[in-house]
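Work through the exercises below with the sequence and the 3D structure in view. Each task is followed by a solution in steps.

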Amino acid sequence: MKIFVDTAKIEEIKQVKEWGILEGVTTNPTLLSQTGKPWKEAVLEILREIPDKPVSLEVIATDFEGMVREAQELAKLGENVVIKIPFTPEGIKAVKALTAEGIKTNVTLVFSPLQALVAGKIGATYVSPFIGRIDDISYDGLSVLEEIVHLYETYGIETEIIAASIRHVDHVRKCALLGVDIITIPFTVIKQMLYHPLTEIGLKRFLEDAKKANISIL
Ligand code: G3P
């Protein structure tokens, strides 16, 4: 399971890269608005930072032609650009057209197994089911994800599943157990994954004992 970071903030991307676990970035207009920078400046900074890993950038047009034109412009920004297209009737038409042009796509705002099945049929590179937002409406995001994984395995669909809208570390654990291809995680949740209270307590004890035993390696 690859780890992407769900952010447009360059400091967060740099930090995850330094930890050695960054395999891609996903953004959306909300995340770009949180950078406080002009959108293009923020995007170019990200593309410079990771020129060799997929970076999802979302269109804002909602009609077929507008989405295709925006996607073509965004794709010019870097070879690693993946175009995020919302799952709508116009969106799926655009994904089909962009796939035919060799432009990579990430079908976003996916909330049901049938939407995911359609995304696979039209040749999307990635599909992004939004787990947390399904939980928000008192349904079970992970059970939707489980059905998507099952359908993709049953029908040999090659579109890669990006588990998105991740809210806490247990989402990460369960997505990993379900066998998704990729999970895109907010920076705060990645930080939580790297911390365990028993590790902290254990380390404190080892250091105290090292002092008692006069261990000094260098
Ligand atoms: O990539 C976008 C998706 O992860 C949205 O997350 O937290 O806004 O539901 P959230």
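**Exercise 1. Strand pairing**

Find the residue in β2 that is the bridge partner of Asp6, then describe how β1 and β2 are connected.

Solution. This is a predicted model, and the steps below refer to that model.

Step 1. Look across from Asp6 into β2: the bridge partner there is Thr26.

Step 2. From β1 the chain passes through helix α1, residues 10-18, before it reaches β2. This β-α-β crossover is right-handed.

Step 3. Now count the bridges between β1 and β2, which comprises residues 25-26: there are 2, and the two strands run parallel.

**Exercise 2. The other partner of β1**

Determine how many bridges join β1 to β8, and which residue of β8 stands opposite Ile3.

Solution.

Step 1. Strand β8 covers residues 182-185, and 4 bridges link this strand to β1. Here too the direction is parallel.

Step 2. Opposite Ile3, the residue in β8 is Ile183.

Step 3. Check how covered β1 is. The strand spans residues 2-6, and 4 of these 5 residues are buried.

**Exercise 3. The ligand site**

List the residues around the ligand, and give the distances for the polar side-chain atoms of Asp6, Arg133 and Ser165.

Solution.

Step 1. Around the ligand are Asp6, Asn28, Lys84, Phe130, Arg133, Ala164, Ser165 and Arg167.

Step 2. Begin with Asp6, the residue already met in Exercise 1 as the partner of Thr26. An N or O atom in the side chain of Asp6 is 2.5 Å from an oxygen atom of the ligand.

Step 3. For Arg133, a polar side-chain atom lies 2.7 Å from a ligand oxygen atom. For Ser165, the distance from a polar side-chain atom to an oxygen atom of the ligand is 2.7 Å.

Step 4. Consider the cover: on its own the ligand has 310 Å² of accessible area, and the protein covers 82% of it.

**Exercise 4. Positive phi values**

Locate Leu109 and Ser138, and decide for each whether it is exposed or partly exposed.

Solution.

Step 1. Leu109 is not a glycine, yet its phi is positive, near 60 degrees. Leu109 belongs to strand β5, residues 105-110.

Step 2. The relative accessibility of Leu109 is 31%, so this residue counts as partly exposed.

Step 3. Ser138, also a residue other than glycine, has a positive phi near 65 degrees. Ser138 sits in the loop between α7 (131-136) and α8 (141-155).

Step 4. Exposed requires over 50% relative accessible area. Ser138 has 70% relative accessibility and therefore counts as exposed.

How values were computed:
Residues numbered from 1 in each chain as written. Predicted model: local features only at pLDDT ≥ 70, side-chain atom pairs only at ≥ 80, totals over all residues. Heavy atoms only, no water. Buried < 20%, exposed > 50% of the residue type's maximum accessible area, 1.4 Å probe, protein only. Helix = DSSP H or I, 4+ residues; strand = E, 2+ residues; numbered from the N terminus. Pairing = 2+ DSSP bridges. Right-handed = clockwise from strand over helix to strand, strands pointing away. Near = heavy atom within 4 Å. Polar contact = N/O pair within 3.5 Å; in protein donor to acceptor, adjacent residues only side chain to side chain. Areas by Shrake-Rupley, 256 points an atom, 1.4 Å probe, with all protein chains shown as cover.
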